[in-house]
Amino acid sequence: MTRWLLYGANGYTGELIAREARKRGLEPVLAGRNPTAVKPLAEDLGLECRIFDLRDADAQLSGIDVVLHCAGPFSVTAAPMIDACVRTGTHYLDITGEMDVFAYAREIDGLARAAGVVVCPGVGFDVIPTDCLAAALHQGMPEATGLRLGFDLPLALSPGTVKTVLDGMAAGGRARIDDRITATPLGGRTARIDFGNGTKPALAFPAADLHSAHHSTAIPNIEVYIPMPSLLIRGTQISRRFTGLLARPGVRDAAHKLIDKTVKGPDANQRATGTAYVWGETTDPAGRRATARITTANPYRLTIDGALTAVTDLLAAPTTRPGAHTPATLFGADLITRLPGSGPLTITTPHATEGIPQ
């Protein structure tokens, strides 16, 4: 019998996944650090629960085949859980959009392979759609040396997502240039992009795809964009002087507490009706480019479906190639089109570039 554990079940997205899993007849073990939050949810859903700190994860993963890790901030929590999974022979999945988690997964790739363990971060939004677009574009243009990705989201975000955006801004701008993650001025890279719903000004953002898309494609130059009004882009450029302040632990912690108090996340109607637009573009040394677009379900709906699809696929094929993966390398570039509310994935044929904004 295969069993899986959902850690961080009491978080905004974790609870959504837990409830949907139960609706589908799945029986995850619900886990987290807070007994007053996890136990009532487990009782409500009729599921087993385990209360533990990540320092005690090894003992608590007994009998567990797959962990779906949903407890952020992943920059703090992912590595301890990944390490515990490698030590105990447990496959690891998470829903992060934080680039450092993908970097760590690559670092421990050899250990994961030796242990026969799959380590696959990012089985939610944004990584599933952008990773699948990147892989599909690379399949059509394997000689590509440049990749740009982007997504246009509904406005309502969860507390965890807002924290990720804030922490990303605190780190300043970043892009992958000549195969290396390179610091860039925040707001220094802009473009006008049609994500699928009209051309908009957009700002380069330090997203996880700088690692995940490189893992999936080996393309040496990667940027990720989000749409932003021109005035806000200008404000971001002006705010560069404050990025150091945001990086201070005391300031960051205070900001996180304020987010927890004031940000509630999208309601059920927003999750059911909102859509996201995802775009990608590759370029090759000859100056040709190919463009891909897809419309997806609301990011939280996609994360629920993507995470549960990843869990069930991995449980059904536990001998899948071990080691560090991205969603596209583990489940295929068609994963995004298998998820409800997503598709079709359209890709233009390569053609000469004309005035690509830098």
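# Exercises on a predicted model

Helix α4 (residues 74–88) lies across β1 (4–7), β4 (66–69), β5 (91–94) and β6, and it runs at about 165° to β5. The model is a predicted one. The exercises below start from this helix and the strands it crosses.

## Exercise 1: The open sheet

Task: Work out the strand order of the open sheet of seven strands, then find its edges.

Solution.
- Step 1. Read the order across the sheet: β3-β2-β1-β4-β5-β6-β15. The pairing is parallel.
- Step 2. Look at the ends. β3 (49–51) and β15 (323–324) each have a single partner strand, so one side of each is left without a neighbour in the sheet.
- Step 3. Check how β15 is attached. Strand β6 (residues 118–120) pairs with β15 in the parallel sense, over two bridges.
- Step 4. Name a bridge partner. V119 is matched with A324 in β15.

## Exercise 2: Two residues beside the sheet

Task: Decide whether F74 is buried or exposed, and do the same for T96. Then list what each one touches, leaving out residues up to four places away in sequence.

Solution.
- Step 1. Place the residues. F74 is in helix α4. T96 is in the loop between β5 and α5 (99–107).
- Step 2. Apply the cut-off: buried means under 20% relative accessible area. F74 has 9% relative accessibility, so F74 counts as buried. T96 has 2%, so T96 counts as buried.
- Step 3. List the contacts of F74: H69, D94, I95, T96, E98 and V101.
- Step 4. List the contacts of T96: F74, V101, F102, P121, G122 and V127.
- Step 5. Compare a distance in sequence with one in space. F74 and I95 are 21 residues apart along the chain, and their C-alpha atoms are separated by 8.9 Å.
- Step 6. Find a polar atom pair at T96. A polar atom of the T96 side chain lies 2.9 Å from the backbone nitrogen of E98.

## Exercise 3: A covered strand and its partners

Task: Explain why strand β13 (residues 275–283) is described as largely enclosed, and find the strands joined to it.

Solution.
- Step 1. Count the buried residues. Seven of the nine residues of β13 are buried, so the rest of the structure largely encloses this strand.
- Step 2. Take the partner β7 (residues 146–152). Seven bridges join β7 to β13, and the two run antiparallel. G146 stands opposite T283.
- Step 3. Take the partner β14 (residues 288–297). Nine bridges join β13 to β14, again antiparallel. V278 stands opposite I294.
- Step 4. Inspect the turn. β13 and β14 form a hairpin, with four residues between them. In that turn, G287 has a positive phi of about 90°.

## Exercise 4: Testing a helix length

Task: Test whether the span of helix α14 (residues 299–316) agrees with 1.5 Å a residue.

Solution.
- Step 1. Work out the expected span. The 18 residues of α14 should span 26 Å.
- Step 2. Compare it with the model. The end C-alpha atoms of α14 are 25 Å apart, which agrees.
- Step 3. Look at the start of α14. There, a side-chain oxygen of N298 reaches to within 2.8 Å of the backbone nitrogen of Y300.
- Step 4. Judge the cover. Of the 18 residues in α14, 14 are buried, so the helix is mostly covered.
- Step 5. Pick one residue. T303 lies in α14. With 5% relative accessibility, T303 counts as buried.
- Step 6. List what T303 touches beyond four places in sequence: T13, I95, V123, G124 and F125.

## Exercise 5: Backbone angles in the loops

Task: Find where the cis peptide bonds at P73 and D126 lie. Then find the positive phi values at D178 and D179.

Solution.
- Step 1. Start at P73, in the loop between β4 and α4. The bond from G72 to P73 is cis, with omega near -5°.
- Step 2. Go to D126, in the loop between β6 and α7 (127–140). A cis bond joins F125 and D126, with omega about 15°.
- Step 3. Go to the loop between β8 (173–177) and β9 (180–184), which holds D178. D179 is in the loop between β8 and β9 too.
- Step 4. Read the angles. Phi is near 50° at D178 and near 75° at D179.
- Step 5. Add the accessibility. D178 is exposed, at 58% relative accessible area. D179 is partly exposed, at 39%.

How values were computed: Residues are numbered from 1 along each chain as its sequence is written. This is a predicted model: local features need pLDDT of at least 70, side-chain atom pairs count only at pLDDT 80 or more; totals for chains, interfaces and linings use all residues. Side-chain values use heavy atoms; hydrogens and water are left out. Two strands pair if DSSP finds at least two bridges between them. Contact means heavy atoms within 4.5 Å. Axes are lines fitted to C-alpha atoms, for helices over the stretch in contact, and angles run from 0 to 180 degrees between N-to-C directions. Buried means under 20% relative accessible area, exposed over 50%, partly exposed in between (1.4 Å probe, protein chains only). A polar contact is a pair of N or O atoms within 3.5 Å; within protein, one must be able to donate a hydrogen and the other to accept it, and residues adjacent in sequence count only if both atoms are side-chain atoms. The expected span of a helix is 1.5 Å times one less than its number of residues.
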